[in-house]
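User: I am new to this structure and would like to go through it step by step. Could we begin with how the helices pack?

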Amino acid sequence: MKQLTQELKSGHMEITEVPFPGLNPGEVLVRTHYSVISAGTEGKTVSDARKGYIAKARSRQKEVKQVIQMARTSGLKETYNLVMNKLEAASPLGYSCSGEVIAMGEGVTRLKSGDRVACGGSSAVHADVVSVPVNLCVPVPESVSLRHAAFSTVAAIALQGIRQADVRLGESCVIIGMGLLGQLTAHMLQAAGVQAIGVDVDTRQVERARASGVTHVFGRQQDGLVQEIQSLTHGHGADAIIITAGTSSLDPVEFSGEIARKKAKVVIVGAVPTGFSRANYYKKELDLRMSCSYGPGRYDPRYEEQGIDYPVGYVRWTENRNMQAFIDLLVERRIPMDSLISHEFDLAEAPSAYDMILSRKEPFAGILIRYDTETPLQS
């Protein structure tokens, strides 16, 4: 089978022939129909890989500290060999896909061969076949396109941000960053009866969001933006702000404090710094919250790897249930997915998709990889 990989040392990407993934107890083997490229998460991974060693070290300071600590305990030679082996190894990319179940591991009872599913997590990579823990798979009904269902994991990240914002019918929420994640957030808020107000520094993303059906969306540089948001919120300020942008600038957090009403919630979904001036956050008693990926269960090996679910009476929205909630929205046609998909590539063309993301020569939102599902699989 074929899989997209990159070498962390040079950033070189290629489509390689690899064996089928192993099928462990509690996992399902899925033939991929579509997978989604995350421009933020994967774009940073690819960008870092293409940098020189010094630039790599600057962008991966946590890992550098771990290497230094290992050198102190294990010696320079062993540490050097370990680091170089990792850098030269082929590394997979991707974490959101859809396809058809072709085999089930021991203990899997809720899915069967032939079921259409959406998958997430570190094993839902860009490959012809993936093996995914059952708690990171959700069934997809026939009425939903697998092309749309492939976005379920990315959508779960957006949905978890909304859950952290805890906004209700009739309230207002500003979304800072109108890439794919921001647009998904805005459309789900609008579907729930929440007034969504989008903001982005890139006017091209503003136009894409407006074209996709986001009612209120503005450029960050627009004159009188604070007053515009005040007017839309009847002079109170936003009930919540969700930051989906990825930037090293403090502006998203500072701007959030400026446009928030008293005791509002500011939720960080994207990768932004959190150091900020005290004035607005102190005077308004703002609630700054972090949103953890797809939702409860993320990074818990008992949930993700062993398939132990959290009781719904105690944890209403797990990462699996967030993914399923998005599929339910697709069943009801509440999210205009076709307007959110900007590019589609065959697997063989996938490396050029990352070149487009890093060059930013054209605007993009949802980027799909499609797979040949007619040719018989070869392991």
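Analyst: In this predicted model, H1 and H15 are roughly perpendicular to each other (a label for angles of 65 to 115 degrees). Helix H1 covers residues 41-49 and helix H15 residues 350-359; they pack at an angle of about 90°, with their axes 10 Å apart. Axes are lines fitted to C-alpha atoms, for helices over the stretch in contact, and angles run from 0 to 180 degrees between N-to-C directions.

User: Which residues of H1 and H15 make the contact?

Analyst: On H1 they are Glu42, Gly43, Val46 and Ser47, and on H15 they are Tyr354, Ile357 and Leu358. Contact means heavy atoms within 4.5 Å.

User: How are the numbering and the reliability handled?

Analyst: Residues are numbered from 1 along each chain as its sequence is written, and side-chain values use heavy atoms, with hydrogens and water left out. The model is predicted, and local features need pLDDT of at least 70, side-chain atom pairs count only at pLDDT 80 or more, while totals for chains, interfaces and linings use all residues.

User: Now H13: how many of its residues are buried?

Analyst: H13 is mostly covered, with 10 of its 13 residues buried (under 20% relative accessible area, 1.4 Å probe, protein chains only). Among them are Met323, Phe326, Ile327 and Leu330. Helices such as this are DSSP runs of H or I with at least four residues, strands are runs of E with at least two, and both are numbered from the N terminus.

User: What comes just after H13?

Analyst: Arginine 333, which takes a positive phi of about 55°.

User: Changing topic, in what order do the strands of the open sheet run?

Analyst: The order of the 3 strands is S2-S1-S4, and their pairing is antiparallel. Strand S2 (13-17) and strand S4 (90-92) are at the edges with a single partner strand each, so one side of each has no neighbour in the sheet. Two strands pair if DSSP finds at least two bridges between them.

User: How many bridges join S1 to S2?

Analyst: There are 5 bridges between strand S1 (residues 2-7) and S2. In S2, glutamate 14 is the bridge partner of threonine 5.

User: Last one: is valine 30 buried or exposed?

Analyst: Valine 30 counts as buried because its relative accessibility is 0%. This residue lies in strand S3 (residues 27-37). Leaving aside neighbours within four places in sequence, valine 30 is in contact with residues including Gly99, Val101, Cys119 and Val129. Cysteine 119 is 89 residues from valine 30 in sequence, and 8.7 Å from it in space, C-alpha to C-alpha.

How values were computed. Buried < 20%, exposed > 50% of the residue type's maximum accessible area, 1.4 Å probe, protein only. Parallel < 35°, antiparallel > 145°, perpendicular 65-115°, else oblique.
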